[in-house]
Each structure stands twice: as structure tokens, then as C-alpha cells.
Amino acid sequence: QVQLVESGGGLVQAGGSLRLSCAASGTIFSINAMGWYRQAPGKQRELVATITSGGSTNYADSAKGRFTISRDNAKNTVYLQMNSMKPEDTTVYYCNAGVRSWSNINVSRVYWGQGTQVTVSS
């Protein structure tokens, strides 16, 4: 089994910063891409940023220039540094990872964290 646990959410004022972390644990053989998504009530989950195992990144337009995704492969952890935050960034943030587990190294399965609430006050 593989688990993803997010941390770092909370309340911040507009213009402030937060750093989210997501640690993967369990019977992990390897992790491919990792990413951050967010979902507001009544809306579809949307991409924030992704990062490959080699460090290539991709950002949603809303995140470009303000958010930075990074990862520590030795710790199986992905981070999201969020700067210049806006009230519209308020929602639940989820991390995901494409993982090959020791029970089946030929198959990559996507796992999701439980989500962490981010609130930006104006």
C-alpha cells in the first residue's frame, strides 16, 4: 500500500506565502510524476503544477510566476511554494503521484492525498 500525506495548509493574508508538502510512503519501488491540484466546492479538480522524476515542471497559468513546485526524490516528497497569494487561491489542495509499488513494478498507479485547506484572506 502507498499513502500520500499533505501538510502545510492554513490561513494566510493576501500577498503572503505558504509551503505545502506531500510525503509518499509505503511499498514504493519508484515514483514517476508528482503534482498538485486544487478543487473548489462544486467545481472540477484543476491542475496547479506537476514535476517529473527528472525535475521537469509544468504550471497552470494561474500559478506561473507565483508558485514553485519541487521534489526531494530521496524523501519521496513533493513541495509547493506559494507566493503572492490571492483570495482566489482559497480552496483544498491535493497532491498526487504516479507510483510503482513493490507488489507490481510493471504498473504505475496514481495515488492521491487527502487534501489540505488553504485560505487566503483579503
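These exercises work through side-chain pairs, the nonpolar core and the disulfide of one predicted model.

Residues are numbered from 1 along each chain as its sequence is written, and side-chain values use heavy atoms, leaving out hydrogens and water. In this predicted model, local features need pLDDT of at least 70, side-chain atom pairs count only at pLDDT 80 or more, and totals for chains, interfaces and linings use all residues.

**Exercise 1. Find the aromatic pairs and place them on the chain.**

Step 1. Apply the criterion: rings of Phe, Tyr and Trp (its six-membered ring) pair if their centres lie within 6.5 Å; planes under 30 degrees apart are stacked, over 60 edge-to-face, the rest tilted. The search of the whole structure gives two aromatic pairs.

Step 2. Take Phe-29 and Trp-102. Their centres are 4.8 Å apart and their planes 80° apart, which is edge-to-face. Phe-29 belongs to strand β4 (residues 28-39) and Trp-102 to the loop between β9 (91-101) and β10 (104-112), so the pair ties together parts 73 residues apart in sequence. Strands here are DSSP runs of E, at least two residues, numbered from the N terminus.

Step 3. Check accessibility (buried is under 20% relative accessible area, exposed over 50%, partly exposed in between; 1.4 Å probe, protein chains only). Phe-29 is partly exposed at 39%. Trp-102 is exposed at 57%.

Step 4. Take Tyr-37 and Trp-112. This pair is also edge-to-face, with 5.1 Å between centres and 65° between planes. Tyr-37 in β4 and Trp-112 in β10 are 75 residues apart. Trp-112 is partly exposed, at 36%.

**Exercise 2. Which rings does Arg-45 lie over?**

Step 1. Set the test: NZ of Lys or CZ of Arg within 6 Å of the ring centre and within 35 degrees of the ring normal.

Step 2. Arg-45 lies over the face of Tyr-94, 3.7 Å from the ring centre. Its charged end also sits over the ring of Trp-112, at 4.6 Å from the centre.

**Exercise 3. List salt bridges and say where their partners lie.**

Step 1. Count side-chain nitrogens of Lys or Arg within 4 Å of a carboxyl oxygen of Asp or Glu. The whole structure holds four salt bridges.

Step 2. Arg-38 and Glu-46 meet at 2.8 Å, N to O. Arg-38 is buried at 8%, while Glu-46 is partly exposed at 37%.

Step 3. Lys-64 and Asp-61 meet at 3.2 Å, N to O. Asp-61 is exposed, at 65%.

Step 4. Arg-66 and Asp-89 meet at 2.8 Å, N to O. Arg-66 is in the loop between β6 (57-59) and β7 (67-72), Asp-89 in the loop between β8 (77-82) and β9; they are 23 residues apart. Both are buried.

Step 5. Join the partners: Arg-38, Glu-46, Arg-66 and Asp-89 form a network of salt bridges.

**Exercise 4. Which members of the largest nonpolar core touch the most other members?**

Step 1. Define the set: buried Ala, Val, Leu, Ile, Met, Phe, Trp, Tyr and Cys joined through side-chain atoms within 4.5 Å.

Step 2. Of its 29 residues, the answer is Trp-36, Leu-80, Met-82 and Tyr-93. Elements giving two or more residues include β1 (2-7), β3 (18-26) and β5 (46-51).

**Exercise 5. Locate the disulfide.**

Step 1. Search for cysteine sulfur atoms within 2.5 Å. There is one disulfide. Cys-22 and Cys-95 form it, with sulfurs 1.9 Å apart.

Step 2. Read the geometry: 45° about the S-S bond, right-handed.

Step 3. Place the ends. Cys-22 is in β3 and Cys-95 in β9, 73 residues apart. Cys-22 is buried at 0%, and Cys-95 is buried at 0%.

Technical notes. Helix = DSSP H or I, 4+ residues; strand = E, 2+ residues; numbered from the N terminus.
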